[in-house]
Amino acid sequence: MCVVLHIDASVRAVSNDNPDHDSISKKLARLFISELKKQTHIDECMYRDIGVTPPQFITQDWIGAVFTAKAKRTAQQQQILAQSDAYIAELAKADLIVISSPMYNYGMPAQLKAWFDQIIRINETFDFDLTRGDKPLAPLMSGKTLVIITSSGEFGFEKGGINEAHSHLVPHLRTLSKYLGVDQIFEVASEYQEFADERHANSVNMAQQKLSAIACVLTEKK
């Protein structure tokens, strides 16, 4: 069917001694991948648990290496960019990107932001041309599909919801997604975790149903 790049951003494990500490976003992402595999053939599924194994933060030396021509980079600069190069190579291969992430302080975890910082690179995932006027940046990849799976303690982060103004996770992911070469996005959210009531259980159940439906849609596309 396709090549999948699966990124988990929660710092929590999928299963813990105390089930209340299990990562909801990771569990939902695993369910989605499982549903996809049941319905179609996946050529390759690349997986990164960046919550447990975080990407390196970019540094001044990293920026210096990025803006040095490839042919002139020192061995040290090549090593500095090795992780970024590996991430970008995975992205380039992928047809379908699955990003699962909890909402931390109304935005994305630092680990996920670090992954994006390693991937969004000039002349690798975007180019810069001043002849385009006030919007000189343009993505170099295209044709990819992104499935965003989120979990949050509160609720109402959707358009028109009571917490719409505080929603900085999915809007940020949508903004950055064009530099991943994404043309189509599906969103699934689990909410009410901190309330731990029936609304949370219903939200998780609804998320599971939506993910199963998305798996069907993606299978039909192929």
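The following conversation concerns a predicted model of a protein structure.

Visitor: Where is His6 found?
Guide: His6 belongs to strand 1, which covers residues 2-8.

Visitor: Is His6 buried or exposed?
Guide: Its relative accessibility is 5%, so His6 counts as buried. Buried means under 20% relative accessible area.

Visitor: Which residues does His6 touch?
Guide: Leaving aside residues up to four places away in sequence, His6 touches Ala29, Ile33, Cys45, Met46, Tyr47, Arg48 and Val98. In addition, the side chain of His6 makes a polar contact with the side chain of Asp8, at 2.9 Å.

Visitor: Now the sheet. In what order do the strands come?
Guide: The order is 2-1-3-6-7, in an open sheet of five strands with parallel pairing.

Visitor: And which are the edge strands?
Guide: They are strand 2 (42-49) and strand 7 (182-190), each of which pairs on one side only. On average, neighbouring strands of this sheet are turned by 15° against each other, direction ignored.

Visitor: How many bridges join strand 6 to strand 7?
Guide: Eight bridges join strand 6 (residues 144-151) to strand 7, and the two run parallel. Within this pairing, Ile149 stands opposite Val188 in strand 7.

Visitor: What packs on the sheet?
Guide: Helix 1 (residues 24-39) does, touching strand 1, strand 2, strand 3 (96-102), strand 6 and strand 7. The direction of helix 1 makes about 155° with that of strand 3. Helix 5 (residues 110-119) also packs on the sheet, touching strand 1 and strand 3. For helix 5, the angle with the direction of strand 3 is about 150°.

Visitor: Changing topic: how many aromatic pairs are there in the whole structure?
Guide: A search finds six. One of them is formed by Phe126 and Tyr179, which are edge-to-face, 5.9 Å centre to centre, with 70° between the planes.

Visitor: Which parts does that pair tie together?
Guide: Phe126 lies in strand 4 (residues 126-128), and Tyr179 in the loop between helix 6 (170-177) and strand 7, so the pair ties together parts that are 53 residues apart in sequence. Phe126 is buried, with a relative accessible area of 11%, and Tyr179 counts as buried at 11% relative accessibility.

Visitor: What about Tyr192 and Phe195?
Guide: They form an edge-to-face pair, 6.1 Å centre to centre, with 65° between the planes. Tyr192 counts as buried at 17% relative accessibility, whereas Phe195, at 39%, counts as partly exposed. Phe155, Tyr192 and Phe195 form one aromatic cluster.

Visitor: Where does Arg199 lie?
Guide: Arg199 lies over the face of Phe155, at 5.6 Å from the ring centre. Its charged end also sits over the ring of Phe195, 4.8 Å from the centre.

Methods: Residues numbered from 1 in each chain as written. Predicted model: local features only at pLDDT ≥ 70, side-chain atom pairs only at ≥ 80, totals over all residues. Heavy atoms only, no water. Helix = DSSP H or I, 4+ residues; strand = E, 2+ residues; numbered from the N terminus. Buried < 20%, exposed > 50% of the residue type's maximum accessible area, 1.4 Å probe, protein only. Polar contact = N/O pair within 3.5 Å; in protein donor to acceptor, adjacent residues only side chain to side chain. Contact = heavy atoms within 4.5 Å. Pairing = 2+ DSSP bridges. Axes fitted to C-alpha atoms, helices over the stretch in contact; angles between N-to-C directions. Phe/Tyr/Trp six-rings, centres within 6.5 Å; stacked < 30°, edge-to-face > 60°. Lys NZ or Arg CZ within 6 Å of the ring centre and 35° of its normal.
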